[in-house]
Amino acid sequence: MASSPNPVKKVPIHLQSAQNRVYIKNGEIVNHDKAFKADVYIEDGIIKFIGPAADITVPGGVRTIDASGKLIIPGGIDPHTHMQLPFGNAVAVDDFYHGTKAAVAGGTTMIIDFVLPNKNESMLEAYDKWRSWADPKVCCDYGFHVGITWWSKSVSKELGILCNELGVNSFKTFMAYKGLYQLNDSDLLDVFERIRELKAVAMVHAENGDIIAKNAARLLAEGVTGPEGHELSRQEEVEAEAVHRACILAHQVDCPLYVVHVMSKSAGIELARARQRYNKKYIFGETLAAALGTDGTHYRCQHFGHAAAHVLSPPLRPDKTTPEFMMKLLASDDLQTTGSDNCTFNKSQKELGLGDFTKIPNGVNGVEDRMSLVWERGVHSGLLDPCRFVAITSTNAARIFNIYPQKGRIAVGSDADIVIWDPQATRTISKDTHHHACDFNIFEGMTVHGVPEYVLVRGRICVENGSVRVAEGFGRFIPSPLRPAFVYDSLEGKVEEEQVDQKNSNGNNRVADLDAHVSSQLPPAVMFSGKTTPTTPEGSRGRVDGKRDLQESSFSISQELDTAGVRSSIKVHNPPGGKSSGFW
């Protein structure tokens with residue numbers, strides 16, 4: 001992308017209004033595949049030039065930003081948000097204005113939200129309703145996934161309209177929420193088959209809803225009514241079983257599958273095994289900022305408000321080693337994206353579940369802190385390099401949902417969604433300083449490295465040295481075209497399959513290793529090659545100096561799990577919190 005070292009004619013910049021013209025100099029561009037020094041010129045919201053300063057003539061009146069010592073990265077893409085979501089008797093307090101303002105403040109310049117029709121509601125009517133909520137409020141660009149909450153011939157027909165006319169190429173199914181959204185396996189097969197026919201992407205919330213319903217009823221009958229009952233009713237194996245089953249169902253009809261919010265070691269392993277088993281790159285996994293930044297021990301807090309504030313589904317896991325484990329899955333490409341599942345409720349709304357944990361509105365914050373948190377737990381800790389950071393926070397989502405390279409890349413012709421990232425700066429996360437509308441932050445008090453110094457949304461400077469200036473309604477709806485090449489070229493054999501290291505550190509076959517452990521009590525072992533991003537032409541991987549990265553070590557899931565104890569039964573007679581009859 002950088003210009004040739006040979007002398008070239010300088011690129012002139014037209015003398016026109018200085019509005020929406022920005023020149024960024026002296027920074028290091030980091031894309032998912034390489035990092036290199038270059039300047040960037042933006043005009044009318046589009047990247048017009050990338051190269052050395054010697055190759056461009058910049059007239060007066062252009063806003064110039066000196067990015068010396070900083071990284072120039074694509075704006076974050078959060079593929080999983082729920083702004084303004086109705087949930088029972090509550091509505092998420094981060095609407096499309098507050099939610100996207102918080103996103104931009106943290107370096108995310110596009111969200112993909114979910115349209116969730118009620119059972120028996122027209123998907124088209126639900127889509128129109130969500131558009132009417134979002135269009136006047138969004139501060140950054142956005143797209144939609146649409147939930148399939150029931151199945152019929154009319155729903156199948158509406159899928160075609162959404163795909164061919166309304167710019168939607170991804171559809172979420174539910175294996176949980178029995179009696180509300182849950183589909184049975186027969187319906188899932190029909191849905192996946194229809195999605196494959198349309199060349200769209202299937203998404204799945206993977207938890208066994210039948211087990212959850214039975215466990216929840218049993219726990220409540222035994223007097224377990226506090227927030228701890230939420231996690232007890234849907235343990236890791238309940239998530240892992242559903243991930244395993246979803247991958248098999250999708251494979252039966254050759255349908256691309258994107259598993260949302262993978263929250264546990266066991267579920268992550270099942271996804272890794274499926275990707276190995278089928279040797280095809282059409283199964284993808286997402287984990288959340290929450291899973292990387294905190295854990296499920298908070299459910300045992302004696303204060304209801306604190307415990308309930310952490311309730312989401314699938315739940316956070318009490319195993320404190322889970323966050324690092326999930327980050328290693330991201331590093332080794334067994335998970336591909338990070339979302340936030342941002343769906344915030346205030347204290348009074350969470351209290352709807354006093355006395356019955358099943359009535360606690362599900363959802364946490366994350367859209368503002370996702371980027372910094374992934375940098376802190378990934379790059380700063382030495383598990384990721386900056387290129388892989390860009391991949392899992394932006395580029396992979398853009399490629400899977402077919403908006404790349406318009407989004408997710410610093411390239412000539414791409415939208416000028418750009419973050420000037422200070423890798424050394426720190427900030428402390430707090431509800432008192434965040435831009436959400438909610439009164440709680442699950443990362444409260446955490447100090448993170450990696451701060452967006454400038455954030456540009458389609459060339460408009462919206463964040464500058466901590467000052468956030470966004471315009472309500474500035475964002476646009478971004479259509480997601482059918483047949484993402486990143487997904488379907490591999491699926492249809494139109495490109496050569498990417499080579500996968502099938503051997504572990506002992507030289508044994510990795511897939512055989514997995515199969516040999518299927519019957520073990522704990523999930524089977526997976527050895528990772530440690531590969532992340534390709535090397536740059538100069539041989540540099542863009543590492544942060546002084547930081548260990550995954551290339552310098554091996555990661556064994558079996559070794560991690562050998563130290564983990566077997567989960568106990570859900571039958572807890574005197575759990576912390578007991579019966580929720582009021583504040584603890």
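In the predicted model described here, Asp39 of strand β5 has Gly51 as its bridge partner in strand β6. These two strands, β5 (residues 39-43) and β6 (residues 46-51), pair in the antiparallel sense over 5 bridges. Together β5 and β6 form a hairpin with 2 residues between them, and Asp44 in the turn has a positive phi of about 55 degrees. Strand β5 also pairs with β2 (residues 21-25), again in the antiparallel sense, here over 4 bridges. In that pairing, Tyr23 meets Tyr41 of β5 as its bridge partner.

The surroundings of β5 deserve a closer look. Because 5 of its 5 residues are buried, strand β5 is largely enclosed by the rest of the structure. In a regular strand, side chains alternate between the two faces of the sheet. Accordingly, Asp39, Tyr41 and Glu43 point one way from β5, while Val40 and Ile42 point the other way, and all are buried.

It helps to set this hairpin against the chain as a whole. The chain contains 17 helices and 25 strands, and buried residues account for 61% of its 584 residues. Of the contacts between residues at least 6 apart in sequence, 78% join residues at least 24 apart. The accessible surface comes to about 21200 Å², with 49% belonging to carbon and sulfur atoms.

Turning to another part of the strand content, an open sheet of 7 strands follows the order β4-β3-β9-β20-β21-β22-β23, with mixed pairing. Strands β4 (35-37) and β23 (467-468) stand at the edges with a single partner strand each, so one side of each is left without a neighbour in the sheet. Helix α14 (residues 386-400) packs on this sheet, touching β3 (28-30), β4, β9 (71-74) and β20 (418-428), and its direction makes about 30 degrees with that of β9. Within the sheet, β21 (residues 447-457) and β22 (residues 460-464) run antiparallel and are joined by 4 bridges. Tyr454 has Glu464 of β22 as its bridge partner.

Thr109 lies in strand β13 (residues 108-115). Its relative accessible area is 1%, under the 20% cut-off, so Thr109 counts as buried. Beyond residues up to four places away in sequence, Thr109 touches Gly75, Gly76, Cys140, Asp141, Asp417, Val455, Leu456 and Val457.

Among the helices, α3 (residues 153-165) has 13 residues and reaches 18 Å from its first C-alpha to its last, close to the 18 Å expected at 1.5 Å a residue. An α-helix has 3.6 residues a turn, so residues three or four places apart point the same way. In α3, the buried residues are Val155, Ser156, Glu158, Leu159, Gly160, Leu162 and Cys163. These buried residues pack against two helices, α2 (123-134) and α4 (185-198), and two strands, β14 (141-147) and β15 (170-174). After α3 comes Gly167, whose phi is positive, near 75 degrees.

Finally, a loop residue is also worth a look. Asn365 sits in the loop between α12 (347-350) and α13 (370-380), and Asn365 is buried, with a relative accessible area of 3%. The side chains of Asn365 and Asn441 are joined by a polar contact of 3.1 Å. In addition, a polar atom of the Asn365 side chain lies 3.0 Å from the backbone nitrogen of Ile442. Apart from residues up to four places away in sequence, Asn365 touches Ser340, Asn342, Thr344, His436, Cys438, Phe440, Asn441, Ile442 and Phe443.

Definitions and conventions:
Residues are numbered from 1 along each chain as its sequence is written. This is a predicted model: local features need pLDDT of at least 70, side-chain atom pairs count only at pLDDT 80 or more; totals for chains, interfaces and linings use all residues. Side-chain values use heavy atoms; hydrogens and water are left out. Buried means under 20% relative accessible area, exposed over 50%, partly exposed in between (1.4 Å probe, protein chains only). Contact means heavy atoms within 4.5 Å. Accessible areas come from the Shrake-Rupley method with a 1.4 Å probe; for residues, only the protein chains shown count as cover. Two strands pair if DSSP finds at least two bridges between them. The expected span of a helix is 1.5 Å times one less than its number of residues. A polar contact is a pair of N or O atoms within 3.5 Å; within protein, one must be able to donate a hydrogen and the other to accept it, and residues adjacent in sequence count only if both atoms are side-chain atoms. Axes are lines fitted to C-alpha atoms, for helices over the stretch in contact, and angles run from 0 to 180 degrees between N-to-C directions.
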